[in-house]
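Please look through the structure below. Some questions and answers on it come after.

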Amino acid sequence: MNRLDCRQLLPHLESHLRGDASEELRLLADDHLARCTSCRRRLAHLKQVTAMLAAWRPMPAPPGLKTETAAALGPDLGRLAREVFPRRPFLGRRRRERLRPPAPMTGYQRVATWLVIAALLFLGAAIAYRILQQWM
Amino acid sequence: MTDAPMPSSPLDALADASERDLLASAARADADATLALIDRYAPVLFNLLLRTTGLVALAEELTRDVLADALRQPAAAVPPPDGRWIVALAKETYRRLLAIDLRPDEPTHRVRIAPRYWQPERLQTADDDGLRPATARAARLLRRRLGEAWSRLAMRQRFVLALVEPHRLSTDELADVLDESEPVARQIRDEAKLALLLKLPRPSDARRREAPEARP
């Protein structure tokens, strides 16, 4: 019986994991996996990734999507859908806040920001001047 | 005096109905069954498209179009006895994805994407509790990198993985969706999973980085 090496086995790991590889390939893969720690580790990694993908939590559908779909089928169904489907927010509050762009500064805020920066620069310069005076 | 029962949504009564019954009722112009199908499949299609394209607006538009078109002729949409409706919906979705300017074999990070939608949520599985600390750390690292690796897959690879894993599609169902033969569909699925796997750090690498003192 021929033997598989790691590079030959790699493209068939997924089929082996799902159990839909041919009988011959399954035997060859089992034989290789029994001998190769690296491939066994890779198979375990593949299982882990597969489990993660299968458990990937779905996002809620945007509000209005179901109603719009129903409305595309007719105005009566659209009206009924508006009564049936509650309008939940698309994202949670924390996520919405994270995605929201920062509000633009007002004129007063901008002036106040520049005044604070100027004051800090002045303070820094004054401290540097005093330090230099002590050294000289 | 007894409390009056709360008015329940017409969808509550159909919560346990099979998709075949719902489709048969929808074919008889039953509005509740049509709404129940929309309620059940709009999030499914939306998530499939969002994970494939990363574009909320596109996912929303295609979900609406595919589902509405399928429900205009529900009698034609009823799957064969051993079939599932998700296969027919995914097949039409894939056909429309190919029709727009998203090349199936190229990564779509050239178009504007929103990778934050691809960050898989932290998984709370029963397996997590039994993991050794080093394995749990490696799993956390893997979760962080999964979203990034996902965004670097080609569009078709993302579509296949987003469809196959959550819906447990068999190879013949996937072949039907992709309009390919079974061996080709299997190869596409295996290549997609391998591409994702090779873009992720291996657990052994993560362990080595996190516990250098363990090395001889």
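What follows concerns the fold of one chain, a helix pair and a chain interface.

This is a predicted model, in which local features need pLDDT of at least 70, side-chain atom pairs count only at pLDDT 80 or more, and totals for chains, interfaces and linings use all residues. Residues are numbered from 1 along each chain as its sequence is written, with chains lettered from A and ligands numbered from 1 in the order in which they are written.

Q: How many helices and strands does chain B have?
A: Helices (H or I, at least four residues) and strands (E, at least two) are DSSP runs, numbered from the N terminus. For chain B the result is 11 helices and zero strands.

Q: Are H5(B) and H8(B) roughly parallel or roughly antiparallel?
A: H5 (residues 85-99) and H8 (residues 155-167) of chain B pack at about 170°, with axes 12 Å apart. Axes are lines fitted to C-alpha atoms, for helices over the stretch in contact, and angles run from 0 to 180 degrees between N-to-C directions. Angles under 35 degrees count as roughly parallel, over 145 as roughly antiparallel, 65 to 115 as roughly perpendicular and the rest as oblique. The angle therefore makes H5(B), relative to H8(B), roughly antiparallel.

Q: Which helix gives the most residues to the side of chain B that touches chain A?
A: Contact (C-beta atoms, placed from the backbone, within 7 Å) links 44 residues of chain B with 35 residues of chain A. Elements giving two or more residues to this side of chain B include H2 (31-53), H3 (56-72) and H7 (133-151). With 10 residues, the one that gives the most is H2(B).

Notes: Contact = placed C-beta atoms within 7 Å.
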